[in-house]
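Me: I should like to work through a protein model step by step. Please answer each of my questions with brief reasoning.

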Amino acid sequence: MTSLILTVAVLAIIALVGTPIIRRMVGAGPLVCTRCDGTGDVNENWPDPSEPTGWHRVTGVCPKCKGKGRVRAR
Ligand SMILES: [Zn+2]
């Protein structure tokens with residue numbers, strides 16, 4: 001039974017790690033936006049002393065890809 005769990009775990013890790021790599025290789029042009037993970041929407045909320053309010057808050061359209069979900073490779 002232990003080996004079955006191990007096999008499933010390894011497959012899950014391969015799927016988790018491999019999928020973004022394969023996606024990046026296939027879509028060689030524009031890359032999936034790392035800030036919103038391709039959704040085009042962000043929901044960011046964390047303390048940031050450099051912000052006037054003391055909080056970094058961004059919700060809605062991703063400022064990095066402007067809602068497209070993909071960014072151009074440089
Ligand atoms: Zn984005």
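Me: What percentage of the 74 residues of the protein chain count as buried?

Reply: This is a predicted model. A residue counts as buried if 20 or more other C-beta atoms lie within 10 Å of its own. Of the 74 residues of the protein chain, the share that counts as buried is 5%.

Me: In what order do the elements of the protein chain run from the N terminus on?

Reply: The protein chain contains one helix and four strands. Read from the N terminus on, their order is α-β-β-β-β.

Me: Is Asp37 buried, exposed or partly exposed?

Reply: Asp37 lies in the loop between β1 (31–32) and β2 (41–47). Its phi is positive, near 60 degrees, and Asp37 is a residue other than glycine. A count of 20 or more would make a residue buried, and 12 or fewer would make it exposed. Because 13 other C-beta atoms lie within 10 Å, Asp37 is partly exposed.

Me: Is Lys66 buried or exposed?

Reply: Lys66 is placed in the loop between β3 (55–61) and β4 (70–71). Although Lys66 is not a glycine, it has a positive phi of about 60 degrees. The cut-off for an exposed residue is 12 or fewer other C-beta atoms within 10 Å. Lys66 has 11 C-beta neighbours inside 10 Å, and therefore it counts as exposed.

Me: Among contacts between residues at least 6 apart in sequence, what percentage join residues at least 24 apart?

Reply: Two residues are in contact if their C-beta atoms lie within 7 Å. Among such contacts in the protein chain between residues at least 6 apart in sequence, the share joining residues at least 24 apart is 51%.

Note on methods: Residues numbered from 1 in each chain as written. Predicted model: local features only at pLDDT ≥ 70, side-chain atom pairs only at ≥ 80, totals over all residues. Helix = DSSP H or I, 4+ residues; strand = E, 2+ residues; numbered from the N terminus.
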